[in-house]
Amino acid sequence: MIRFEDLHTYYGDSHILHGVAGEIPAATAVGLLGRNGMGKTTLIRTLMGYVRPAQGRVLCDGREVTGQQPEKMARLGIGYVPEGRGIFPNLSVRENLVMAARPGIDGKTAWTYERVLQTFPRLAERLNNGGHQLSGGEQQMLSIGRALMTNPRLLILDEATEGLAPLIVAEIWRVIAQIRSTGIATLIVDRDWRKVLAHTDRALVMEKGQIVLQGASAALLADPQALGERLGV
Ligand SMILES: Nc1ncnc2c1ncn2[C@@H]1O[C@H](COP(=O)(O)OP(=O)(O)OP(=O)(O)O)[C@@H](O)[C@H]1O
């Protein structure tokens with residue numbers, strides 16, 4: 001569904017991505033691993049069109065979309081839950097969800113307002129609260145809920161569990177598993193590499209702006225030494 005070739009991305013003079021290539025096939029869960037600062041978020045921002053690569057291409061269903069506006073990527077069915085959340089703090093939970101609603105690219109609305117609230121019962125209890133009144137975990141749930149309201153084909157989750165209490169973290173992984181089981185492709189970045197590998201089909205490991213290891217998640221999990229060298233664990 002999404003393919004990327006030879007991506008080179010810079011922030012000013014800093015050369016961050018050094019020829020990154022890979023793909024996220026439809027209905028496939030892909031993990032993106034790597035230590036801090038290795039370029040994971042930059043790769044996601046490049047795929048989503050927040051930064052334009054100096055070289056290389058991003059393709060969606062075989063069509064070039066390199067550097068397209070993030071809004072256009074959203075219309076192509078890519079849902080993005082950014083690191084640090086990205087909800088509207090001055091709008092209520094209900095408003096945050098309703099304003100994100102749109103049918104999927106196939107015209108279907110599998111994820112309705114009601115279904116999102118069933119998935120996140122905590123949000124159902126906070127409908128009239130402003131985004132800023134929510135706990136960190138609730139904000140994260142709202143951010144995922146907003147992305148689901150767009151009925152995406154691919155959901156990108158960047159550090160969705162960061163800084164959250166263990167019970168909330170478990171809740172978020174439960175929802176990620178549920179999303180995966182509906183056939184939505186996912187790209188997941190999380191510090192907990194075991195969890196990432198347990199919840200994905202394949203994984204890419206980045207080091208210094210390059211993909212240095214990739215393969216089936218189960219195979220990577222079975223060879224923790226190779227992974228440990230790359231992740232410093
Ligand atoms: N807006 C920016 N301007 C300049 N440099 C940046 C910017 N954002 C990130 N960087 C640098 O780019 C490199 C890659 O950062 P990136 O956020 O992609 O890494 P990451 O693998 O996602 O790590 P983390 O888990 O810490 O977010 C880092 O050296 C970082 O300091």
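Two strands are taken as paired where DSSP finds at least two bridges between them. On that basis, the predicted model contains an open sheet of 4 strands in the order β2-β1-β4-β5, in which the pairing is antiparallel. Because β2 and β5 (63-64) stand at the edges of this sheet, each with a single partner strand, one side of each is left without a neighbour in the sheet. At the β5 edge, strand β4 (residues 55-60) pairs with β5 in the antiparallel sense over 2 bridges, and C60 is placed opposite R63 of β5.

The confidence values of the prediction may be stated before further detail is described. For the protein chain the mean pLDDT is 94, with 100% of the residues reaching 70 or more, while for the complex the predictor gives an ipTM of 0.94 and a pTM of 0.94. In UniProt, an unreviewed entry lists residues 2-233 as "domain: ABC transporter". This span, residues 2-233, is 36% helix and 26% strand, and its end C-alpha atoms lie 30 Å apart.

A second open sheet is formed by 6 strands in the order β6-β7-β8-β3-β9-β10, and here the pairing is mixed. Since β6 (78-81) and β10 (210-216) stand at its edges, each with a single partner strand, one side of each lacks a neighbour in the sheet. On average, and with direction ignored, neighbouring strands of this sheet are turned by 15 degrees against each other.

At the β6 edge, β6 and strand β7 (residues 154-158) pair in the parallel sense over 4 bridges, and V81 has L157 in β7 as its bridge partner. Helix α6 (residues 136-149) packs on the sheet here, touching both β6 and β7, and the direction of the helix makes about 170 degrees with that of β6. At the β10 edge, by contrast, strand β9 (residues 202-207) and β10 run antiparallel and are joined by 6 bridges, with A216 in β10 as the bridge partner of R202. The strands β9 and β10 form a hairpin with 2 residues between them, and K208 in the turn has a positive phi of about 45 degrees.

The surroundings of the ligand were examined next. The ligand is surrounded by Y11, S14, I16, G34, N36, G37, M38, G39, K40, T41 and T42. By class, this shell has 3 nonpolar, 7 polar and 1 charged residues. At least two residues of the shell are supplied by each of β2 (14-24) and α1 (40-48), and the largest share, 3 residues, comes from α1. Strand β2 thus appears in two parts of this description, as an edge strand of the sheet of 4 strands and as a contributor to the shell around the ligand.

How values were computed
Residues are numbered from 1 along each chain as its sequence is written. This is a predicted model: local features need pLDDT of at least 70, side-chain atom pairs count only at pLDDT 80 or more; totals for chains, interfaces and linings use all residues. UniProt positions are given in the numbering used here, feature names are shortened, and annotations may be inferred rather than shown by experiment. A residue is near a molecule or strand if its C-beta atom, placed from the backbone, lies within 6 Å of it. Ala, Val, Leu, Ile, Met, Phe, Trp, Tyr, Cys and Pro count as nonpolar, Asp, Glu, Lys and Arg as charged, and the others, Gly among them, as polar. Axes are lines fitted to C-alpha atoms, for helices over the stretch in contact, and angles run from 0 to 180 degrees between N-to-C directions. Two residues are in contact if their C-beta atoms, placed from the backbone, lie within 7 Å. pLDDT is the predictor's confidence in each residue, from 0 to 100.
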